[in-house]
Amino acid sequence: MLEAPQEVEVIQRVKGNKKYFFVLNYMGSEQKIVLKKQMRSLYDNVIANGEICMKPYETIVYEVLE
C-alpha cells in the first residue's frame with residue numbers, strides 16, 4: 001500500500017476495521033514515498049495518492065480509505 005526508502009520509517013496500525021500508517025522521515029533532506037491507495041492525512045484532512053515528497057524530519061499519519 002505504501003513504498004518508502006530505507007531512511008523513512010513506516011509503522012502500520014489497525015484499529016477495528018481501519019488501517020493507519022505512521023510515516024517518519026528521519027533525514028535532513030526531502031524523501032519521496034509512494035501511496036498505492038488513496039489515503040487521508042490525519043493532520044490536515046487532505047486525500048493523497050501517488051508520489052508524495054516529505055519534508056526533512058516530517059511525520060505524516062495516514063488513514064487508508066477503503
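These exercises work through the salt bridges and overall build of a predicted model.

**Exercise 1. Which elements make up the protein chain, and in what order do they run?**

Step 1. Count the elements. The protein chain has 0 helices and 6 strands.
Step 2. Read from the N terminus. The order is β-β-β-β-β-β.

**Exercise 2. Find the lysine that meets Glu3 in a salt bridge, then place both residues in the chain.**

Step 1. Recall the rule. A side-chain nitrogen of Lys or Arg must lie within 4 Å of a carboxyl oxygen of Asp or Glu.
Step 2. Check the distance. The side chains of Glu3 and Lys36 meet at 2.6 Å, N to O. This pair is therefore a salt bridge, since the cut-off is 4 Å.
Step 3. Locate the partners. Glu3 sits in strand β1 (residues 2-3) and Lys36 in strand β4 (residues 31-41). They are 33 residues apart, so the pair links distant parts of the chain.
Step 4. Look at exposure. Glu3 is partly exposed, at 41% relative accessible area. Lys36 has 51% and counts as exposed, because the cut-off for exposed is over 50%.

**Exercise 3. Is Glu63 buried or exposed, and which residues share its salt-bridge network?**

Step 1. Compare with the cut-off. Glu63 has a relative accessible area of 7%. Buried means under 20%, so Glu63 is buried.
Step 2. Find a partner. Glu63 and Lys18 form a salt bridge at 3.5 Å, N to O.
Step 3. Place the pair. Glu63 lies in strand β6 (residues 59-64), Lys18 in strand β3 (residues 18-25), 45 residues apart. Lys18 is partly exposed, at 37%.
Step 4. Widen the view. Salt bridges link Lys18, Arg40 and Glu63 in a network.

**Exercise 4. Where in the chain are the partners Lys37 and Glu66?**

Step 1. Confirm the bridge. The closest N and O atoms of Lys37 and Glu66 are 3.6 Å apart, and the two form a salt bridge.
Step 2. Place them. Lys37 is in strand β4, Glu66 in the segment after β6. The separation is 29 residues.
Step 3. Compare exposure. Lys37 is partly exposed at 33%. Glu66 is exposed at 69%.
Step 4. Note the total. The count for the model is 5 salt bridges.

**Exercise 5. What radius of gyration does the protein chain have, and what would a compact globule have?**

Step 1. Take the expected value. With 66 residues, a compact globule would have a radius of gyration near 11 Å.
Step 2. Compare. The protein chain has 11 Å, which agrees.
Step 3. Add the box. The C-alpha atoms fill roughly 35 × 20 × 20 Å along the principal axes.
Step 4. Add burial. Buried residues make up 29% of the 66 residues.

Note on methods. Residues numbered from 1 in each chain as written. Predicted model: local features only at pLDDT ≥ 70, side-chain atom pairs only at ≥ 80, totals over all residues. Heavy atoms only, no water. Helix = DSSP H or I, 4+ residues; strand = E, 2+ residues; numbered from the N terminus. Buried < 20%, exposed > 50% of the residue type's maximum accessible area, 1.4 Å probe, protein only. Rg over C-alpha atoms; globule rule 2.2 N^0.38 Å.
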